[in-house]
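Open the structure in your viewer and keep the selection tool at hand. This tour goes stop by stop.

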Amino acid sequence: MEELLQRPNLPEVPMAPEESLVPPVPPEGLDTILYEHDERDARADLRRQIAAMELALARLFGSAFPRKDIDFSVPGMGGPRLLSVDELEKVRDGLAARIQEVRADLHDYAVVEESNRELIEEMLADPASHKWERVYNEDIGEPGCKNWHVKPRWGVLGMLLGWWRVKLSSGCPLAEGLRPPEPLI
């Protein structure tokens, strides 16, 4: 039994060094499929650029919060799979174009909202020159139902005498079903 447990004297076979998964560079003029350019660095760089652009698009979405008409979606490339370098470049270029579109839309909104804020200031300074004009909260990029409306003070008499004022609404009225119940007497 001890004979079975003893190790027989076998010559030691030298182990081959661990082989690299990437084959060595081929000799000049022997480019084959085994020696194609390694795309890992390009893919990593493209994924980093795409992540940065998605973050920029998310920040633009956050800065434009109350606005609802801007499209922040990112189109996909046909389902879950590993994208080629060309497809990653298309995604990156599409994101760059989307960011430019969103920035242009936000700039257009900002210009209109600033002109509406200036209109409110003009209405408050000289209501008689802005008769019956109304500016809503969403026109200046803020949520809510508040509005500024130039009306005559005391109805028809104020209109005839030129007594105009800016009336600021108090906000959204309660819906009919949400009114507090009448007290029982």
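Each stop below says what to select and what is there.

**Stop 1: the whole chain**

Start with everything shown as a cartoon. This is a predicted model. Four helices and three strands make up the fold. From the start of the sequence to its end, the order is α-α-α-β-β-α-β. The protein has 185 residues, and 21% of them are buried. Now switch on the surface. About 15,100 Å² is exposed, with 58% of that supplied by carbon and sulfur atoms. Of the contacts with a separation of 6 or more, 45% join residues 24 or more positions apart.

**Stop 2: the largest core**

Hide the surface. Select Leu 57, Leu 60, Ile 70, Phe 72, Val 102 and Leu 106. They have the most contacts inside the largest nonpolar core, which holds 15 residues. Helices α2 (40-63) and α3 each give this core at least two residues. The largest share, seven residues, comes from α3.

Which residues does Leu 60 touch, leaving aside its neighbours within four places in sequence? Centre on Leu 60 and look around. Its contacts are Phe 72, Ile 99, Val 102, Arg 103 and Leu 106.

There is also a second, separate core of seven residues. Select Ile 120, Val 135, Trp 148 and Val 150, which are among its members. As a general rule, nonpolar side chains in soluble globular proteins tend to be buried together.

**Stop 3: Asn 147**

Next, select Asn 147. This residue sits in strand β2 (residues 147-152). Is Asn 147 buried or exposed? Asn 147 counts as buried, because its relative accessibility is 10% and the buried class covers values under 20%. Show what surrounds this side chain. Beyond residues up to four places away in sequence, Asn 147 touches Arg 134, Val 135, Tyr 136, Lys 167, Leu 168 and Ser 169.

**Stop 4: two aromatic pairs**

Now colour the tryptophans. The structure holds two aromatic pairs. Select Trp 132 and Trp 164 for one of them: an edge-to-face pair, 5.3 Å centre to centre, with 85° between the planes. Trp 132 lies in the loop between α3 (85-125) and β1 (134-136), and Trp 164 in strand β3 (residues 164-168), so the pair ties together parts 32 residues apart in sequence. Trp 132 is partly exposed, at 46% relative accessible area. Trp 164 is buried, at 9%.

Move on to Trp 154 and Trp 163. Their ring centres are 5.3 Å apart and their planes stand at 80°, so this pair is edge-to-face too. Trp 154 is exposed, with a relative accessible area of 61%. Trp 163 is partly exposed, at 36%.

Check the backbone while you are here. Trp 132 has a phi near 65°, a positive value in a residue other than glycine. Trp 154 also has a positive phi, near 70°. Look for Trp 154 in the loop between β2 and α4.

**Stop 5: a nonpolar patch outside**

Bring the surface back. Select Trp 132, Trp 154, Val 156, Leu 157, Met 159, Leu 160, Leu 161 and Trp 163. Together they form a nonpolar surface patch with about 920 Å² of accessible area. Pick out Leu 161. Its place is in helix α4 (residues 155-161). Leu 161 is partly exposed, with a relative accessible area of 47%.

**Stop 6: salt bridges**

Last, show the charged side chains. Side chains of opposite charge can pair when their charged atoms come close. How many salt bridges does the structure hold? The structure holds four, and three are picked out below, starting with Asp 45 and Arg 48.

- Select Asp 45 and Arg 48: their salt bridge is 2.5 Å, N to O. Both are in helix α2, three residues apart, about one turn of the helix. Asp 45 is partly exposed at 31%, and Arg 48 is exposed at 52%.
- Select Arg 92 and Asp 93: the closest N and O atoms of this salt bridge are 3.3 Å apart. Asp 93 is partly exposed, at 44% relative accessibility.
- Select Glu 101 and Arg 98: the closest N and O atoms of this salt bridge are 3.7 Å apart. These residues are three apart in helix α3, so about one helical turn separates them. Glu 101 is partly exposed at 46%, whereas Arg 98 is buried at 17%.

How values were computed. Residues are numbered from 1 along each chain as its sequence is written. Side-chain values use heavy atoms; hydrogens and water are left out. Patches are made of residues with over 30% relative accessible area and no salt bridge: like charges are joined within 9 Å, nonpolar side chains (Val, Leu, Ile, Met, Phe, Trp, Tyr) within 5 Å. Accessible areas come from the Shrake-Rupley method with a 1.4 Å probe; for residues, only the protein chains shown count as cover. A salt bridge is a side-chain nitrogen of Lys or Arg within 4 Å of a carboxyl oxygen of Asp or Glu. Buried means under 20% relative accessible area, exposed over 50%, partly exposed in between (1.4 Å probe, protein chains only). Rings of Phe, Tyr and Trp (its six-membered ring) pair if their centres lie within 6.5 Å; planes under 30 degrees apart count as stacked, over 60 as edge-to-face and the rest as tilted. A nonpolar core is a set of buried Ala, Val, Leu, Ile, Met, Phe, Trp, Tyr and Cys residues joined through side-chain atoms within 4.5 Å. Contact means heavy atoms within 4.5 Å.
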